[in-house]
Amino acid sequence: MGRYARLGFVCVLAGSAVAACGGAPDRHRESLPPTLLVSAAASLSEAIGPVARAFERETGTQVLLNVAGSQILATQIIEGAPVDVFVSADTRQMTRVIDAGQIDVSQWVELLSNQLVVVVPSDRPETVTGPDDLTDPAIRRVAVGDPEAVPAGVYAREYLKSVGVWDAVATKIVPTRNVRAALRAVESGTAEAGVVYRTDVLTSSGVLVAFEVPLDRGPRIVYPAAVSADPPNPDGAARFLDFLQRPEARRLFEASGFVSVPE
């Protein structure tokens, strides 16, 4: 599974030390460092690792990251996958988990925000300059996260509806399982355009930003973070949620392009 390992669900080590994702022999358990299970939205892939490593250095607690689409993570948690902290790319998926009784609602914060951008393949820089251009017959496919479930896709649909082009673009939509898959579709030329987060573009050399969605005209993007209702490491979970809000973590998130939550 590439960089992922199995821990009853998908996980990846945040630090350099290697620990078993479950099933370690009993004689070694006492020598292993404490662990923390963090499920984080796919769009946080580059940002959450440095934050987790900084937390590891400060606390000695090893962070195991489960990085996937927020809707996938929410389903895992609802179905009983162990987790200490959940960081979603929207409140909709967090609300699903809250409604299932799997989140400690007393330990819940609006952590970060982001910005939507429309991207095109890097060899087609002049094809799109504004939302109306997405209705042009030359733009046959527009990649977005699944607008029925993936936060970035839900945000994209909300924006395209607000500017009056959704009905004309809906038949062109290529829904993907997460926002990074939408980015890859544009990189490969499978789609002539895509709607992704500004932070995603920083990870790619194969796309260009055609235009940014102005913050005052786009949807209010919120990344909530919360402690689960039954965390395997309660003390560590509370400490990590607090760490996410501290200046050091904020600087690391901002270095990856994230911004504070708008009022």
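Modeller: A cavity is a set of points on a 1 Å grid, laid over the protein atoms alone, where a 1.4 Å probe fits but cannot get out; its lining residues have an atom within 4 Å of a point. A volume is the space filled by probe spheres set on the points, which are joined across faces, edges and corners. This is a predicted model, so local features need pLDDT of at least 70 and side-chain atom pairs pLDDT 80 or more, while totals for chains, interfaces and linings use all residues. Residues are numbered from 1 along each chain as its sequence is written, and side-chain values use heavy atoms, leaving out hydrogens and water.

Colleague: Okay, how much space lies in the second largest cavity?

Modeller: There are two cavities of 30 Å³ or more. The largest holds about 60 Å³. For the second largest, it's about 40 Å³.

Colleague: How many residues lining that second largest cavity are nonpolar, polar or charged?

Modeller: Leu-116, Val-213 and Pro-214 are among its lining residues. Ala, Val, Leu, Ile, Met, Phe, Trp, Tyr, Cys and Pro count as nonpolar, Asp, Glu, Lys and Arg as charged, and the others, Gly among them, as polar. That lining divides into six nonpolar, three polar and no charged.

Colleague: Which helix gives the most to the largest nonpolar core?

Modeller: A nonpolar core joins buried (under 20% relative accessible area, 1.4 Å probe, protein chains only) Ala, Val, Leu, Ile, Met, Phe, Trp, Tyr and Cys residues through side-chain atoms within 4.5 Å. The largest one has 68 residues, with Leu-44, Ile-48 and Phe-253 among those with the most contacts inside it. Helices are DSSP runs (H or I, at least four residues), and strands too (E, at least two), numbered from the N terminus. With six residues, the top giver is helix α2.

Colleague: Why do the buried residues of α4 line one face of the helix?

Modeller: In α4, residues 91-99, the buried ones are Gln-93, Met-94 and Val-97. Take the directions from the helix axis to the C-beta atoms. Seen down that axis, the buried residues line one face because they fall within an arc of 100 degrees.

Colleague: Which residues does Ala-237 touch?

Modeller: Ala-237 lies in helix α9, residues 234-244, and is buried, with a relative accessible area of 0%. Touching means heavy atoms within 4.5 Å. Not counting residues up to four places away in sequence, Ala-237 touches Leu-36, Asp-84, Val-85, Val-227 and Pro-231.

Colleague: And how far apart in space are Ala-237 and Val-85, C-alpha to C-alpha?

Modeller: Along the sequence, Ala-237 and Val-85 are 152 residues apart. In space, C-alpha to C-alpha, the gap is 6.0 Å.

Note on methods:
1 Å grid on protein atoms, 1.4 Å probe; cavity = no way out; pocket = protein on both sides within 12 Å on 5 of 7 lines; lining within 4 Å. Buried < 20%, exposed > 50% of the residue type's maximum accessible area, 1.4 Å probe, protein only.
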